[in-house]
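Reader: I should like to go through this entry term by term. Please explain on what grounds each description is given.

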Amino acid sequence: MKGRRTQYEIYWEILVFCREPRTFTSIINRCDLNSKKGQEYLAFLNKKQYLDIKEEKNKTYTTNQSGRDYISIFNKLYLNLFDERPGFKL
Amino acid sequence: MTNKTNKIYNRIESEIRALFGVTVINLVMAALLMAIGVNIATSQIIPAFEDGNWIIIPFAVMVALVAGGIAIWWIISTVGVLESVSDIQDQFESLGKKDSVTEIDLTQTIVRLMATYRLKKPKIKQMMKVSYFGSILFFVGGILQALAFFVQYLDGIEGLGLITGIVGLVVIFCMSAAFFLVHRKYESYSRVYDKRILKNKESEKALKESMGGL
């Protein structure tokens, strides 16, 4: 994605994408991250216990209930940004 | 979809459309500025060359280069913004019918809009200044042309000369108004998003707390 995202926005994007089990490669491709940054963000989210990691055939990351709670809080805060006037009109 | 999300959906749709519209107008104005600037300069070069008035030629060439350079910079900047807005518009439209759009879909679009503004903010601030300057320039040019036309009118200009004079004046003042519209719309967009970015920073404190600190 072209644009300047904050770290919280990137966490949110990863957690939303990982609602289904995802591999590392698919995460960095989908969330437009390089390998190093992807590892940092996933390590952080794992440390905060927002992701469950399974190492079967491929290592996969899945958002757990704590991660889903973060997604809900984030959704609420960001939707509020556009809930209030004024908006931008032509 | 709840009333709140319905309202937010409509607001996002309206804002994306408005941003796309003002950016297209901006692109058209930039192209016109380049054409007019180069035309004015080159229309001075040939008569000056024929009259042997060599002093005017380098000055006219400089005006053409400056006008062309500013317009090219402006076009490239606007195309960059248009590309980003177009991507967001495509992504929003790909969400499908309003009823099938979820809160996560809307939040994704909001994240993209905010991220785009953070990235393009310096360019947008510059375009605001340039379009304001363009508005003033064309307004002053229109006044000067109106005065010149008034003198010609007193001398008894009529027929096609009268019509083309009036049309020329209308075009110049319309361009001044269009530049001013672009300036005001980008100013409005910037003001709204600056406020959202500020509010977003406060939201980050809540997110940080929810994560138990970083």
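Reader: What makes B:E187 and B:R184 a salt bridge?

Author: In this predicted model, the closest N and O atoms of B:E187 and B:R184 are 3.5 Å apart. A salt bridge requires a side-chain nitrogen of Lys or Arg within 4 Å of a carboxyl oxygen of Asp or Glu, and the pair is therefore counted as one. The two residues are separated by about one helical turn, because they lie three residues apart in helix 4 of chain B.

Reader: Are B:E187 and B:R184 buried, exposed or partly exposed, and how do you know?

Author: The class in between runs from 20% to 50% relative accessible area. B:E187 has 28% and so counts as partly exposed. B:R184, with a relative accessible area of 44%, is partly exposed as well.

Reader: How do you know that B:D194 forms a salt bridge with B:K121?

Author: Their closest N and O atoms are 3.1 Å apart, and the limit is 4 Å. This pair links distant parts of the chain, with B:D194 in helix 4 of chain B and B:K121 in helix 3 of chain B, 73 residues apart. Both residues are called partly exposed, because B:D194 has a relative accessible area of 24% and B:K121 one of 32%, where buried would mean under 20% and exposed over 50%.

Reader: Which residues are linked with B:D194 in a network of salt bridges?

Author: The network is made up of B:K121, B:K125 and B:D194. Over all chains, the whole structure holds nine salt bridges.

Reader: What makes the salt bridge of B:K7 and A:D83 one that crosses between chains?

Author: B:K7 forms a salt bridge with A:D83, with 3.3 Å between the closest N and O atoms. B:K7 belongs to helix 1 (residues 3-51) of chain B, whereas A:D83 lies in the segment after helix 4 of chain A, so the pair crosses between chains. B:K7 has a relative accessible area of 43% and is therefore partly exposed.

Reader: Why are helix 3 of chain B and helix 4 of chain B called roughly antiparallel?

Author: Two packed helices are described by the angle between their axes and the distance between the axes. Here the axes of helix 3 of chain B and helix 4 (residues 160-210) of chain B come within 7 Å and cross at roughly 155°. Angles over 145 degrees count as roughly antiparallel, and the two helices are therefore given that description. Their crossing is left-handed.

Reader: Why, then, are helix 4 of chain A and helix 3 of chain B called oblique?

Author: The axes of helix 4 (residues 65-81) of chain A and helix 3 of chain B come within 9 Å and cross at roughly 60°. Roughly parallel would require under 35 degrees, and roughly perpendicular 65 to 115. The pair is therefore oblique. The crossing of helix 4 of chain A and helix 3 of chain B is left-handed.

Reader: What makes up the nonpolar patch on the surface?

Author: The patch is formed by B:Y132, B:I136, B:F139, B:V140, B:I143, B:L144, B:L147 and B:F180, which together have about 730 Å² of accessible area. Its largest share, seven residues, comes from helix 3 (residues 103-154) of chain B. B:Y132, placed in helix 3 of chain B, has 40% relative accessibility and so counts as partly exposed. That value also satisfies the patch requirement of over 30% relative accessible area.

Reader: Why is A:Q49 called exposed and A:D32 partly exposed?

Author: A:Q49 has 58% relative accessibility, and exposed means over 50%; it therefore counts as exposed. A:D32 has 43% and is therefore partly exposed.

Reader: Where do A:D32 and A:Q49 lie, and what is said of phi in each?

Author: A:D32 is in the loop between helix 2 (24-30) and helix 3 (35-47) of chain A, and its phi is near 55°, a positive value in a residue other than glycine. A:Q49 is in the loop between helix 3 and strand 2 (51-55) of chain A. A:Q49 also has a positive phi, of about 60°, although it is not a glycine.

Reader: How many helices and strands does chain A have, and in what pattern?

Author: Chain A has four helices and three strands, arranged along the sequence as α-β-α-α-β-β-α. Of its 90 residues, 47% are buried.

Terms used: Residues numbered from 1 in each chain as written. Chains lettered and ligands numbered in written order. Predicted model: local features only at pLDDT ≥ 70, side-chain atom pairs only at ≥ 80, totals over all residues. Heavy atoms only, no water. Buried < 20%, exposed > 50% of the residue type's maximum accessible area, 1.4 Å probe, protein only. Patch = residues over 30% accessible without salt bridge, like charges linked within 9 Å, V, L, I, M, F, W, Y side chains within 5 Å. Areas by Shrake-Rupley, 256 points an atom, 1.4 Å probe, with all protein chains shown as cover. Axes fitted to C-alpha atoms, helices over the stretch in contact; angles between N-to-C directions. Left-handed = near helix turned anticlockwise from the far one by under 90°.
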